[in-house]
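Welcome! Please take a look at the structure below, and then we can walk through some of its parts together.

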Amino acid sequence: MNIFYEDSVHFDRDLPEFGTQGGVHVHKDGLTVTSPVLMWVQALDVILEKMKASGFDFSQVLALSGAGQQHGSIYWSAGASLVLASLSPDLPLHQQLQACFSLSDSPVWMDSSTTTQCRQLEVAVGGAQVLSCLTGSRAYERFTGNQIAKIYQQNPEVYSCTERISLVSSFAASLFLGSYSPIDFSDGSGMNLLQIQEKVWSQACLSACAPDLEEKLGPPVPSCSVVGVISSYYIQRYGFAPGCRVVAFTGDNPASLAGMRLEEGDIAVSLGTSDTLFLWLKEPVPALEGHIFCNPVETQHYMALLCFKNGSLMREKIRDESASRSWNEFSKALRSTEMGNSGNLGFYFDVMEITPEMIGCHRFNAENHEVPAFPGDVEIRALIEGQFMAKRIHAEGLGYRIMPKTKILATGGASCNRDILQVLADVFGAPVYVTDTANSACAGSAYRAFHGLAGGTDVAFSEVVKLAPNPTLAATPTLEASQVYKALLPRYASLEQKILSQTYGHLE
């Protein structure tokens, strides 16, 4: 369970011939964002050649898996499967696959050009909430079903000559297999196409997007499935062992859940530019906000993802205004104010928030009267308590419940501030751990390869990875915290609804 080789390819720097910025092309409309498929193929060539040059012993690899950015999609042209199955070990992949894609530039997670198709899909199934209950999310522009619908509507000839559609994850797995890899349940649930309860494609969603779509997607599989053995191309060119198993690849978010070794009841909180919550759920409650995915390591369970746009930048703004630009002063303010902040509550959204859909700063005193300002130390605690109370309220809205064994794994920039983590522990009533997860999706992919090799659904993932390095305890909840926040959380939720109803004239 130790990482002993790590390397990377930087698209812009190492493959400048594709002319990307941040690995993508942003089109003139500002909404369409794509990546060249052959850039990804060539990146795999580059990294395998680097490994070979370093003396890496590929014959020792018993199993491999991987992760791909969620919501990207690849369109294989008619006849591509024959090319994949007959690769020559004398040539790199990118030279042999040049004519294999009916669309040379893949839509990726940043694309937001499919609003029309999103509304069409929601109408077709009976509304946004119905779609969320069915597929785990309301219609989102980046989700693959809506991207496919746009391609079918605007480029029917491209769609008709596509024999298979892959996600980035199953595309990468296909390159290693030398044949089309199935889409796994977990990444598949980020498409607005998979029924998350039954783990089958939704006929209503498929029909709303494009004809003959089920055939082009192939049947989905459990995320810990062994989908085959490695293609002879890699055996002959790089020296992989003939029996090397390929375990289904998944999305980067599910792979991160595996990399952080979450278990039932756990939460991962990434405190970065945006704050992201990963939740392990047994009985999800799909909603109009957030996403429910099939769990990548426990087939019968689920994971939820919530994104909060006003993260570190909001914390830095309040630090600059109320703590003389000093994190030390910021921390001192958190230590000098009491839990519950004497009943003062704040909502801080510099840019339009995702969860909830709200903008502006709102401050309330203990009598629920809105006030124009707080003293600096009260402002700082109001911000941090408010950010974490919002996370708990919206997590519970998706069916999350804190359990006696719940632990919180904190990552990202603010996770190095123990005073912020103390507030997190107090608000959630659970211990907070920190872990080095700079490449959690990569580590999670390696863990999942091991899990698939060990028996997949027949073996507990936690048992397979029990020897991996443990996270470090950073904060435990204060004794009286549960009583303080038991009273504050309903107040915070009620005020959030009040602001939304005043702003939009209705309750969200």
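Let us begin with one side chain, Glu 496, which counts as buried because its relative accessibility is 3%, and buried means under 20%. Keep in mind as you read that this is a predicted model. You can find Glu 496 in helix α21, which covers residues 481-504. Which residues does Glu 496 touch, once its neighbours within four places in sequence are set aside? They are Phe 347, Pro 356, Met 358 and His 394. Take the pair Glu 496 and Phe 347: they are 149 residues apart in sequence, yet their C-alpha atoms are 8.0 Å apart in space.

Another buried residue is Ser 174, with a relative accessible area of 0%. Ser 174 sits in helix α9, residues 168-177. Leaving aside neighbours within four places in sequence, Ser 174 is in contact with six partners that you can look for one by one: Trp 76, Leu 84, Ser 166, Ser 179, Tyr 180 and Ser 181.

**An enclosed space**

Rolling a probe the size of a water molecule over the atoms shows where empty space is left. How many cavities of 30 Å³ or more does a search of the whole structure find? The search finds 1. The volume of the largest cavity is about 110 Å³. It is lined by 16 residues, and those closest to its centre are Tyr 348, Phe 349, Gly 386, Gln 387 and Ala 390. Two elements each give two or more residues to this lining, namely β17 (345-349) and α17 (376-397). The most comes from α17, which supplies 6 residues. Sorted by character, the lining has 8 nonpolar, 5 polar and 3 charged residues.

**Strands side by side**

Strand β17, which helps to line the cavity, also pairs with strand β18 (residues 360-364). The two are antiparallel and are joined by 5 bridges. Within this pairing, Tyr 348 stands opposite Cys 361 of β18. On to the next partner: β18 is linked to β19 (residues 370-371) by 2 bridges, again in the antiparallel sense. Here Phe 364 stands opposite Glu 370. The hairpin of β18 and β19 has 5 residues between its strands, and Asn 368 in this hairpin takes a positive phi near 65°.

Elsewhere, an open sheet of 3 strands has the order β1-β2-β6, with antiparallel pairing. Strands β1 (25-26) and β6 (105-107) are at the edges with a single partner strand each, so one side of each has no neighbour in the sheet. In the pairing of β1 with β2, His 25 has Thr 34 as its bridge partner.

A further open sheet of 3 strands runs in the order β3-β11-β10, and its pairing is mixed. Its edge strands are β3 (63-64) and β10 (226-229), each pairing on one side only. Val 229 has Arg 245 in β11 as its bridge partner.

Here are four of the strand pairings to trace on the model.

| Strands | Bridges | Direction |
|---|---|---|
| β17 and β18 | 5 bridges | antiparallel |
| β10 and β11 | 3 bridges | antiparallel |
| β18 and β19 | 2 bridges | antiparallel |
| β1 and β2 | 2 bridges | antiparallel |

**Helices with a buried side**

An α-helix has 3.6 residues a turn, so residues three or four places apart point the same way. Helix α5 (residues 115-125) is a good place to look. Its buried residues are Gln 117, Cys 118, Leu 121, Glu 122 and Val 125. They lie on the same side of α5 because they cover an arc of only 135° around the axis. What does this buried side pack against? Its residues pack against α6 (128-135), α7 (144-154) and α11 (203-209). On the face turned away, you will find the exposed residues Thr 116 and Val 123. Just after α5, Gly 126 has a positive phi of about 110°.

Now try helix α15 (residues 312-322), where the buried residues are Ser 312, Met 314, Arg 315, Ile 318 and Arg 319. Seen down the axis, they fall within an arc of 160°, so they line one face of α15. Leu 313 and Glu 321 are exposed on the face turned away from the buried side. After α15 comes Ser 324, with a positive phi near 50°.

Terms used:
Residues are numbered from 1 along each chain as its sequence is written. This is a predicted model: local features need pLDDT of at least 70, side-chain atom pairs count only at pLDDT 80 or more; totals for chains, interfaces and linings use all residues. Side-chain values use heavy atoms; hydrogens and water are left out. On a 1 Å grid over the protein atoms alone, a cavity is a set of points where a 1.4 Å probe fits but cannot get out, and a pocket is an open set with protein on both sides within 12 Å along at least five of seven lines; lining residues have an atom within 4 Å of a point. Grid points are joined across faces, edges and corners, and a volume is the space filled by probe spheres set on the points. Helices (H or I, at least four residues) and strands (E, at least two) are DSSP runs, numbered from the N terminus. Ala, Val, Leu, Ile, Met, Phe, Trp, Tyr, Cys and Pro count as nonpolar, Asp, Glu, Lys and Arg as charged, and the others, Gly among them, as polar. Buried means under 20% relative accessible area, exposed over 50%, partly exposed in between (1.4 Å probe, protein chains only). Contact means heavy atoms within 4.5 Å. The arc is that of the directions from the helix axis to the C-beta atoms. Two strands pair if DSSP finds at least two bridges between them.
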